[in-house]
Amino acid sequence: IAGYNSLSAEKKAQVDVNGLSSMMRNGLIAMGILLMANHSIMDVLGWGSYSWVSMILMIVGITIYMLVKAQEFEKGKDR
């Protein structure tokens with residue numbers, strides 16, 4: 001998890017590392033599976049030449065979702 005090692009001990013204690021790492025793992029696995037299936041699905045639909053567009057949209061969308069979701073793993077933060 002980028003930047004975790006540079007946090008102070010107090011801030012490290014406020015991060016749910018197990019929950020965050022599980023969420024990141026699941027998100028990256030889902031992204032990989034979707035990207036692998038994307039080209040085949042787009043070919044079946046007849047849009048094979050546009051598969052790169054959907055790949056970019058998936059990468060950006062899933063990345064934004066994971067960044068927003070990661071904020072929930074900071075303990076003691078008011079939501």
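User: Why is Lys69 called partly exposed?

Analyst: Buried means under 20% relative accessible area, exposed means over 50%, and partly exposed is in between (1.4 Å probe, protein chains only). Lys69 has 26% relative accessibility, so Lys69 counts as partly exposed. Glu72, with a relative accessible area of 41%, is partly exposed too. Please keep in mind that this is a predicted model, where local features need pLDDT of at least 70, side-chain atom pairs count only at pLDDT 80 or more, and totals for chains, interfaces and linings use all residues. Residues are numbered from 1 along each chain as its sequence is written, and side-chain values use heavy atoms, with hydrogens and water left out.

User: What makes Lys69 and Glu72 a salt bridge?

Analyst: The term asks for a side-chain nitrogen of Lys or Arg within 4 Å of a carboxyl oxygen of Asp or Glu. For Lys69 and Glu72 the closest N and O atoms are 3.3 Å apart, so the pair fits that definition. Side chains of opposite charge can pair when their charged atoms come close. A search of the whole structure finds 1 salt bridge.

User: How do you know that Val53 and Ile56 can belong to the nonpolar patch on the surface?

Analyst: Patch members need over 30% relative accessible area and no salt bridge; nonpolar side chains (Val, Leu, Ile, Met, Phe, Trp, Tyr) are joined within 5 Å, like charges within 9 Å. Val53 has 31% and Ile56 has 46%, so both pass the area cut-off. The patch also includes Trp47, Tyr50 and Trp52, and its accessible area is about 1,100 Å² together, by the Shrake-Rupley method with a 1.4 Å probe. Its largest share, 7 residues, comes from H3. Helix H3 spans residues 51–70; helices here are DSSP runs (H or I, at least four residues), numbered from the N terminus.

User: What makes Leu35 part of the largest nonpolar core?

Analyst: A nonpolar core is a set of buried Ala, Val, Leu, Ile, Met, Phe, Trp, Tyr and Cys residues joined through side-chain atoms within 4.5 Å. Leu35 is one of the 10 residues in this core, alongside others including Met58, Ile62 and Phe73. Helices H2 (17–45) and H3 give two or more residues each. Leu35 touches Met55, Met58 and Ile59, not counting residues up to four places away in sequence, where contact means heavy atoms within 4.5 Å.

User: And why is Leu34 called partly exposed?

Analyst: Leu34, in helix H2, has 41% relative accessibility, so Leu34 counts as partly exposed. Leaving aside neighbours within four places in sequence, Leu34 is in contact with Met58 and Ile62.
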